[in-house]
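These notebook entries record what I looked up in one structure, topic by topic. I began with the terms I needed before turning to the residues themselves.

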Amino acid sequence: MDTEMMTYMLPWLLEALSLFFIYWFKRSRGNVSFFKFPMMYVEELEEKNSLLDLPDLALDSILKKLSPADLSRMSGVCTTLRDMCTSDHLWERHMQKKWGGLIRSFTYRDLQWNIDSRKKHLHIEAPKKNRLAALFLGSKLDRRAKMSSTLPVDSVMSLYLSLETGKFWFPAQVFNRENGHAGFVLSCYDAELSYDRHWVNFRARFSFNGKPTMEHGIDWNRIRAPAVECGPHTLYPSDCLDDLKPGDHIEIQWKRKRGYPYGWWYGVVGHLEPVKRCQIYCQCLRSDRVKLEFKQYELGSQWRETSIWRKNHDETGDEVNGYYGGIRKIYDKYEVSRWQQHWPAETV
């Protein structure tokens, strides 16, 4: 398919380039202004094949290879290309490639509530005259009219552009908030994020003790999509307690005081008895108690370990040590590696 398409397009491309260089040569000698390109060259080209004369399948294959920026530019050329370049199936590929690992838990309807009400539609405009585009697109290019279209806010392209330009704040979670402050080491907190394409990172809005806080300059490796559909003020229903055994990796909800939002904290299941004794005959899995260890903290720290009831675990804790909530067992090695890449250089 690619060989046939290139064979079909090569003579047309060479001829278009030849005409372009003739025009450029004449312009450089001062014989013609940039805006008075002799119509004989345009008319001669219009009699030849146009990009839009390609079969739909071939043209679609070309458009699939364009970047999001190029697709956006191409959509402003003419109505035919506008309809093709804004179609969902082209943008779903770009959406999945860049945002697929992060945007999971909300639908396109959320976009309508987050984009400013005065900008419910994005407008794509093409120039009144684009003679350079006419050289390469041929007779089907309407060079007279100024074209504008309304892009539905629930289209994939609209969502992509809103994410890319930072207009859309979306829910996600941030590892080691406040740039790795010691009080948040190996934690992950819910936030609303907005992309900053200039710095290629994110800014986040947190809710803390009823007061919003902001953090800037958050890199891609410090964010993730929420692992479960459970808000920061909701106790997660633990469904893995009967299976927890020493060595298992877990996340547990924890908050400093009542009324604060939960964050997720990384830990491992430890042995209830000294390791040497458990190596001979470990009874930890049969015990009603489960020991959790947070090895990012020094031995003797009040945050180093805690224990919970296996059968009837609920929120437990106090105003001194904080409150522990639901537990989630981590089965995926990739998830474990993401936590461990944030491991501090020294224990806290």
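**Entry 1. Terms and starting point.** I took contact to mean heavy atoms within 4.5 Å. The model I examined is predicted. With that cut-off I looked up Leu292, setting aside its neighbours within four places in sequence. Leu292 is in contact with Ile250, Ile252, Val268, Val269, Arg304, Glu305, Thr306, Ile308 and Ile327.

**Entry 2. The nonpolar cores.** Leu292 belongs to the largest nonpolar core, which has 53 residues. I asked which members of this core touch the most other members. They are Trp99, Phe170, Leu193, Phe202, Leu292 and Ile327. The largest share of this core comes from helix H9, with five residues. I also noted a second, separate core of 13 residues, which includes Leu186, Val228, Trp264 and Ile330.

**Entry 3. Helix H9.** I next checked how far H9 is covered. Eight of its nine residues are buried. I listed these as Val156, Met157, Ser158, Leu159, Tyr160, Ser162, Leu163 and Glu164. Just after H9, I found Gly166 with a positive phi of about 80°.

**Entry 4. H6 against H9.** Two packed helices are described by the angle between their axes and the distance between the axes. I therefore looked up both values for helix H6 (residues 88–99) and helix H9 (residues 156–164), applying that general description. Their axes come within 8 Å and cross at roughly 35°. The crossing in which H6 passes H9 is left-handed. On the H6 side I recorded Asp88, Trp91, Glu92, His94, Met95, Lys98 and Trp99 as making the contact. On the H9 side the contact is made by Val156, Met157, Leu159, Tyr160, Leu163 and Glu164. I sorted the residues of this contact by type and obtained eight nonpolar, one polar and four charged.

**Entry 5. His94.** His94 lies in helix H6. I asked whether His94 counts as buried or exposed. Buried means under 20% relative accessible area, and His94, at 11% relative accessibility, therefore counts as buried. Leaving aside its neighbours within four places in sequence, His94 is in contact with Leu66, Ser67, Pro68, Leu71, Trp99 and Tyr160.

**Entry 6. Aromatic pairs.** I counted ring pairs with centres within 6.5 Å, and the count came to 18 aromatic pairs. The rings of Trp99 and Phe170 have their centres 6.0 Å apart and their planes at 80°, so I entered this pair as edge-to-face. Trp99 lies in helix H6 and Phe170 in strand E3 (residues 170–175), so the pair ties together parts that are 71 residues apart in sequence. I found Trp99 buried at 0% relative accessibility, and Phe170 is likewise buried at 0%.

Phe170 also pairs with Phe202, again edge-to-face, at 6.2 Å centre to centre and 80° between the planes. Phe202 lies in strand E5 (residues 201–208) and Phe170 in strand E3, so this pair ties together parts that are 32 residues apart in sequence. Both Phe170 and Phe202 are buried. I then traced one aromatic cluster, formed by Trp99, Phe170, Tyr195, Phe202 and Trp220.

**Entry 7. Leu52.** Last, I looked up a loop residue. Leu52 lies between helix H2 (39–46) and helix H3 (56–64). With a relative accessible area of 11%, Leu52 is buried. I noted 8.4 Å between the C-alpha atoms of Leu52 and Leu81, which are 29 residues apart along the chain.

Note on methods. Residues are numbered from 1 along each chain as its sequence is written. This is a predicted model: local features need pLDDT of at least 70, side-chain atom pairs count only at pLDDT 80 or more; totals for chains, interfaces and linings use all residues. Side-chain values use heavy atoms; hydrogens and water are left out. Axes are lines fitted to C-alpha atoms, for helices over the stretch in contact, and angles run from 0 to 180 degrees between N-to-C directions. Helices (H or I, at least four residues) and strands (E, at least two) are DSSP runs, numbered from the N terminus. A crossing is left-handed if the near helix is turned anticlockwise from the far one by less than a right angle, and right-handed if clockwise. Ala, Val, Leu, Ile, Met, Phe, Trp, Tyr, Cys and Pro count as nonpolar, Asp, Glu, Lys and Arg as charged, and the others, Gly among them, as polar. A nonpolar core is a set of buried Ala, Val, Leu, Ile, Met, Phe, Trp, Tyr and Cys residues joined through side-chain atoms within 4.5 Å. Buried means under 20% relative accessible area, exposed over 50%, partly exposed in between (1.4 Å probe, protein chains only). Rings of Phe, Tyr and Trp (its six-membered ring) pair if their centres lie within 6.5 Å; planes under 30 degrees apart count as stacked, over 60 as edge-to-face and the rest as tilted.
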